[in-house]
Amino acid sequence: MKKVLITGFDPFGGEAVNPALISVMQLPDRIEGVKIIKKEIPTVFDKSIARLEEYLLAEAPDAVICVGQAGGRPNITVERIAINQDDARIPDNEGNQFIDRTIVPDGPAAYFSTLPIKAIARDLNAAGVPGAVSNTAGTFVCNHIMYGALHFAATKSPGLKAGFVHIPYLPQQVTDKPTMPSMSEGDIIKGLTEIIRTVITVSEDVLETGGAVC
């Protein structure tokens, strides 16, 4: 593996910052000898996939990891699946609020991540950063771009590893949300670094529990 592309969204939903973009941009330029390409993605439905595809075509990475904010989650969660559906609870950053819209009309109903999701969760926790597998990426721009990344891999770049990771709020984002969990910037950066290291070094995922009761 020679290059990993990792992306972070700009702020959305009234937030002044997005921990995804802040953390992604502070990652090392190389991990395990592999070049790390760090890029910003707009929190806009169709533009997000278009921008990601520009980066993928220009850089031809071996793996792509998209990162987004999941306010309310207490840990770093690696997503298992992306569904072929937009159903926005809030508008994106250009006011688009698609309801029950198919992302790719002729695409499959869903794609599974091709990242080693169980190994990622294991290695996050071993590194002291709370991590877990998530079984829903939602139906906003996060799921949208995850589906787009996996569709690109399936149709245009066989062998490209692709997936999505959600991270919690930063502490400064929850000063007015006292019941919401958060994670320090340092721990998020440490977690993302560990995720990239696992993607680089693990060729086959581990067989460990990562399911949910409900």
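Colleague: In which loop does Ala60 lie?

Modeller: This is a predicted model. In it, Ala60 is exposed, with a relative accessible area of 54%. The residue comes just after H2. Its place is the loop between helix H2 (45-59) and strand E4 (63-69).

Colleague: What is the phi of Ala60?

Modeller: Most residues other than glycine have a negative phi. Ala60 is a residue other than glycine, yet its phi is positive. The value is near 45°.

Colleague: Which loop residue has a phi near 50°?

Modeller: The residue in question is found in the loop between strand E6 (81-83) and strand E7 (110-112). Its phi is positive although the residue is not glycine. It is Asp100.

Colleague: How far apart are the end C-alpha atoms of H2, and what span should its 15 residues have?

Modeller: At 1.5 Å a residue, the 15 residues of H2 should span 21 Å. The separation in the model agrees with that expectation, the end C-alpha atoms being 22 Å apart.

Colleague: Within what arc do the buried residues of H2 fall?

Modeller: The buried residues of H2 are Phe45, Ser48, Ile49, Leu52, Tyr55, Leu56 and Glu59. Seen down the axis of H2, they line one face of the helix, because their directions fall within an arc of 125°.

Colleague: Against which elements do the buried residues of H2 pack, and which exposed residues are carried by the face turned away from the buried side?

Modeller: The buried residues of H2 pack against E1, E3, E4 and helix H4 (141-156). On the face turned away from that buried side, the exposed residues are Leu57 and Ala58.

Colleague: Is Thr7 buried or exposed?

Modeller: Thr7 is found in strand E1 (residues 3-9). Leaving aside neighbours within four places in sequence, Thr7 is in contact with Val24, Lys39, Ile41, Leu52, Ile65, Cys66 and Val67. Its relative accessible area is 2%, and buried means under 20%, so Thr7 is buried.

Colleague: What distance separates the C-alpha atoms of Thr7 and Leu21?

Modeller: Along the chain, Thr7 and Leu21 are 14 residues apart. In space, their C-alpha atoms are separated by 7.3 Å.

Colleague: How many disulfides does the structure hold, and why is there no bond between Cys142 and Cys66?

Modeller: A disulfide is a covalent bond between the sulfur atoms of two cysteines. The sulfur of Cys142 has its closest cysteine sulfur in Cys66, at 9.3 Å, which is too far for a bond. A disulfide requires the two sulfur atoms to be within 2.5 Å. The number of disulfides in the structure is zero.

Colleague: What are the relative accessible areas of Cys66 and Cys142?

Modeller: Cys66 is in no disulfide. Both cysteines are buried. The relative accessible area of Cys66 is 1%, and that of Cys142 is 7%.

Colleague: Which residue's side chain is joined to that of Glu32 by a polar contact?

Modeller: Glu32 lies in the loop between strand E2 (30-31) and strand E3 (34-41). Not counting residues up to four places away in sequence, Glu32 touches Arg197, Ile200 and Thr201. The polar contact between side chains, of 3.0 Å, joins Glu32 to Arg197.

Colleague: What is the separation between the C-alpha atoms of Glu32 and Leu150?

Modeller: Glu32 and Leu150 are 118 residues apart along the chain. The separation of their C-alpha atoms is 24 Å.

Definitions and conventions:
Residues numbered from 1 in each chain as written. Predicted model: local features only at pLDDT ≥ 70, side-chain atom pairs only at ≥ 80, totals over all residues. Heavy atoms only, no water. Buried < 20%, exposed > 50% of the residue type's maximum accessible area, 1.4 Å probe, protein only. Helix = DSSP H or I, 4+ residues; strand = E, 2+ residues; numbered from the N terminus. Contact = heavy atoms within 4.5 Å. Polar contact = N/O pair within 3.5 Å; in protein donor to acceptor, adjacent residues only side chain to side chain. Expected span 1.5 Å × (residues − 1). Arc of directions from axis to C-beta.
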